[in-house]
Amino acid sequence: MQELEQEKFTYHLTELRKTLLSIIFCLLILFPLGYYLAPYCMSFLIKWSFPPQLSKLNFFSPMEVFLVNLKIGFIISFIIGFPYIIYKIWQFLLPALYEKERKFLKIAVFVSSFLFVCGVSVCIVFMLPLLINFSMSFATEEIQPILGISNFVGLSFWLMLAFGLMFQFPIAVYFLVRFSIVSIETLTNKRPYIIVVILILSAILTPPDIISQLMLAIPTYISFELGIIFARLQNKA
């Protein structure tokens, strides 16, 4: 019995190793494309987010732009490869799932990827311009902004990742209810606690200002409610 459990444990470790290697290999393959797209992506973000009077960023060391492009290239490769990454993670869990749950997996991969793209899009379209304009409102004749490219890119892509991941709430809620881990009644009764958790996560994942925190917290809570609605519909089906 002990040997059987040890064999299962070794098998799962081997499968986990294969999954992680597949994800790393995927990112390495996509990285050249991400690095090629990095300057165009950076130019678009600057033109979209900044007001006309402040449409340029500065760099303060010789290798800074190169390192920023490497960072952007990796993030772009992660975003492009996100559906495959999610698929490999879920595939790792397949042996523990029933046939109906495996069908759910296929739908979940698509929906999860769609929600991730929605989160990133909300961040680009609404969050970044709002945040930049909010920061520019503090400028005076004596205080003028000189923004570095590393700070802007780091902030932008961290927020994109945060929005993309927080938009996974409907999938998480549906998963918890679908597999009877948590009941719908428990989730609805614990709404105040969930709101507090969402606000805490938003505060951790965003800059220390109330505007950006609410911009992440409000869509996340809406996505949580959507997850409950989908779970109710599934229970009635």
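**Exercise 1. Find how much space lies in the largest cavity, and describe its lining.**

*Solution.* The largest cavity holds about 30 Å³ of space. This is a predicted model: local features need pLDDT of at least 70, side-chain atom pairs count only at pLDDT 80 or more, and totals for chains, interfaces and linings use all residues. Residues are numbered from 1 along each chain as its sequence is written, and side-chain values use heavy atoms, without hydrogens and water.

Step 1: fix the term. A cavity is a set of points on a 1 Å grid over the protein atoms alone where a 1.4 Å probe fits but cannot get out; lining residues have an atom within 4 Å of a point. Volume is the space filled by probe spheres set on the points.

Step 2: list the lining. Ile-75, Phe-78, Ile-79, Phe-116, Phe-157, Met-160 and Leu-161 line the largest cavity. Helix H2 (64-93) and helix H4 (149-166) each give two or more residues to this lining. Helices are DSSP runs (H or I, at least four residues), numbered from the N terminus.

**Exercise 2. Work out whether the span of helix H7 agrees or disagrees with its residue count.**

*Solution.* Step 1: H7 covers residues 191-205, 15 residues. The expected span is 1.5 Å times one less than the number of residues, here 21 Å.

Step 2: the end C-alpha atoms are 21 Å apart, which agrees.

**Exercise 3. Sort residues of H7 into buried and exposed.**

*Solution.* Step 1: buried means under 20% relative accessible area, exposed over 50% (1.4 Å probe, protein chains only).

Step 2: Ile-194, Ile-198, Ser-202 and Leu-205 are buried. Their directions, from the helix axis to the C-beta atoms, fall within an arc of 75°, so they line one face of the helix.

Step 3: Pro-192, Tyr-193 and Ile-204 are exposed on the other side of H7.

Note on methods: On a 1 Å grid over the protein atoms alone, a cavity is a set of points where a 1.4 Å probe fits but cannot get out, and a pocket is an open set with protein on both sides within 12 Å along at least five of seven lines; lining residues have an atom within 4 Å of a point.
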